[in-house]
Amino acid sequence: MMVLSRYYRLLAGALTGCAILVAPLAAQNPAMTPPPLAQWPGAQIARGVAFQGDGSLTIREAETGLPILAFWRPVLFREETDEPIAGRMDCKVAAVEGPYDAERFDPDALHEAARELRERQGYIDEDVLRDIGEHVRRLDVVGRRNRPHQHYVLSYILVRDGTRLIDIRRNCTFIHGKGVTAIDPLPYVHRYTRLTYAFRPNGGEG
């Protein structure tokens with residue numbers, strides 16, 4: 001059984017650098033409204049787990065051997081104004097699975113294990129949102145990086161499927177031009193990406 005630090009390094013090295021509800025943005029520009037979910041491209045990232053995104057999706061293999069999904073699409077910031085700012089979001093998604101272990105079923109511990117390295121790399125965490133359930137646990141870390149200037153949402157999503165534990169990482173960064181000093185990036189992640197399961201967490205059918 002992999003210890004916590006090795007388990008983290010597999011995913012952290014791959015990404016380098018629970019079904020999710022789609023949350024609409026205020027004053028959403030009609031041109032940026034996603035099509036029906038069935039039309040989104042997608043791919044399996046673990047047995048019974050698929051990622052879908054309304055944009056461009058490619059698959060590659062990381063040095064760790066894990067398949068990495070790379071997703072990107074254009075976005076509009078300041079949508080509620082008469083002068084929206086164009087930008088883009090880039091996401092990398094990967095997953096590992098192994099036997100269930102209570103120590104690894106803790107997204108806060110996984111993020112803490114990476115905290116010092118991320119600080120040295122210039123990541124500044126500004127907000128943390130948690131959705132902690134009995135069988136699905138998600139931690140969304142929202143922040144920014146100054147060099148290069150970008151915003152990010154790093155998500156740790158842990159799913160228990162009976163005796164199996166699936167550890168999913170979704171790392172999205174947001175790039176924009178001048179005129180934007182701060183954004184709320186998490187609603188864009190919810191609007192344009194989705195994780196779905198071919199089972200009910202903790203071994204049920206669905």
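These exercises work through the sheets, cores and salt bridges of one predicted model.

Residues are numbered from 1 along each chain as its sequence is written. In this predicted model, local features need pLDDT of at least 70, side-chain atom pairs count only at pLDDT 80 or more, totals for chains, interfaces and linings use all residues, and side-chain values use heavy atoms, with hydrogens and water left out.

**Exercise 1. Overview**

Task: State how many helices and strands the chain has, and what percentage of its residues count as buried.

Solution:
- Step 1. The chain has three helices and 12 strands. Both are DSSP runs numbered from the N terminus: helices are H or I with at least four residues, strands are E with at least two.
- Step 2. Of 206 residues, 46% count as buried. Buried means under 20% relative accessible area, exposed over 50%, and partly exposed in between (1.4 Å probe, protein chains only).
- Step 3. The chain exposes about 10300 Å², and carbon and sulfur atoms supply 51% of that area. The areas come from the Shrake-Rupley method with a 1.4 Å probe; for residues, only the protein chains shown count as cover.

**Exercise 2. The three-strand sheet**

Task: Give the strand order of the sheet that contains E1, then name its edge strands.

Solution:
- Step 1. The order is E1-E2-E10, in an open antiparallel sheet. Two strands pair if DSSP finds at least two bridges between them.
- Step 2. E1 (42-46) and E10 (193-197) are the edges, each pairing on one side only.
- Step 3. From one strand to the next, the twist averages 30°. Axes are lines fitted to C-alpha atoms, for helices over the stretch in contact; angles run from 0 to 180 degrees between N-to-C directions.
- Step 4. Four bridges join E1 to E2 (residues 49-53). Ala 43 has Phe 51 of E2 as its bridge partner.

**Exercise 3. The seven-strand sheet**

Task: Trace this sheet from edge to edge, then find the helix that packs on it.

Solution:
- Step 1. The order is E3-E4-E5-E9-E8-E7-E6; the sheet is open and the pairing antiparallel.
- Step 2. The edge strands are E3 (56-61) and E6 (123-132).
- Step 3. The twist averages 20° from one strand to the next.
- Step 4. Helix H2 (residues 107-120) packs on the sheet and touches E6, E7 (136-146), E8 and E9. Contact means heavy atoms within 4.5 Å. The direction of H2 makes about 150° with that of E8.
- Step 5. E6 and E7 form a hairpin with three residues between them, and pair over nine bridges. In E7, Val 141 is the bridge partner of Val 128.
- Step 6. Another hairpin joins E7 to E8 through two residues. Here 11 bridges join the strands. Arg 145 has Gln 150 of E8 as its partner.
- Step 7. E8 (residues 149-161) and E9 (residues 164-176) pair over 11 bridges. Tyr 152 has Thr 173 of E9 as its partner.
- Step 8. E7 is mostly covered, with eight of its 11 residues buried.

**Exercise 4. Nonpolar cores**

Task: Find which residues have the most contacts inside the largest nonpolar core.

Solution:
- Step 1. A nonpolar core is a set of buried Ala, Val, Leu, Ile, Met, Phe, Trp, Tyr and Cys residues joined through side-chain atoms within 4.5 Å.
- Step 2. The largest core has 32 residues, and Ile 45, Met 89, Ile 168 and Phe 174 have the most contacts inside it.
- Step 3. Its largest share, five residues, comes from E5 (residues 85-99).
- Step 4. A second, separate core of 11 residues includes Ala 114, Val 141, Tyr 152 and Leu 154.
- Step 5. Not counting residues up to four places away in sequence, the residues touched by Ile 168 include Ile 45, Val 93, Ile 157 and Leu 195.

**Exercise 5. Salt bridges**

Task: For three salt bridges, locate each partner and classify its exposure.

Solution:
- Step 1. The structure holds 14 salt bridges. Each is a side-chain nitrogen of Lys or Arg within 4 Å of a carboxyl oxygen of Asp or Glu.
- Step 2. Glu 97 and Arg 47 have their closest N and O atoms 3.3 Å apart. Glu 97 lies in E5 and Arg 47 in the loop between E1 and E2, so the pair ties together parts 50 residues apart in sequence. Glu 97 is partly exposed at 32%; Arg 47 is exposed at 53%.
- Step 3. Arg 191 and Glu 79 meet at 2.9 Å, N to O. Arg 191 is in helix H3 (residues 186-192) and Glu 79 in the loop between E4 (67-77) and E5, 112 residues apart. Arg 191 counts as buried at 2%, and Glu 79 at 9%.
- Step 4. Asp 140 and Arg 170 meet at 3.6 Å, N to O. Asp 140 is in E7 and Arg 170 in E9, 30 residues apart. Both residues are buried.
- Step 5. Shared partners join Arg 47, Glu 97, Asp 161 and Arg 164 into one salt-bridge network.
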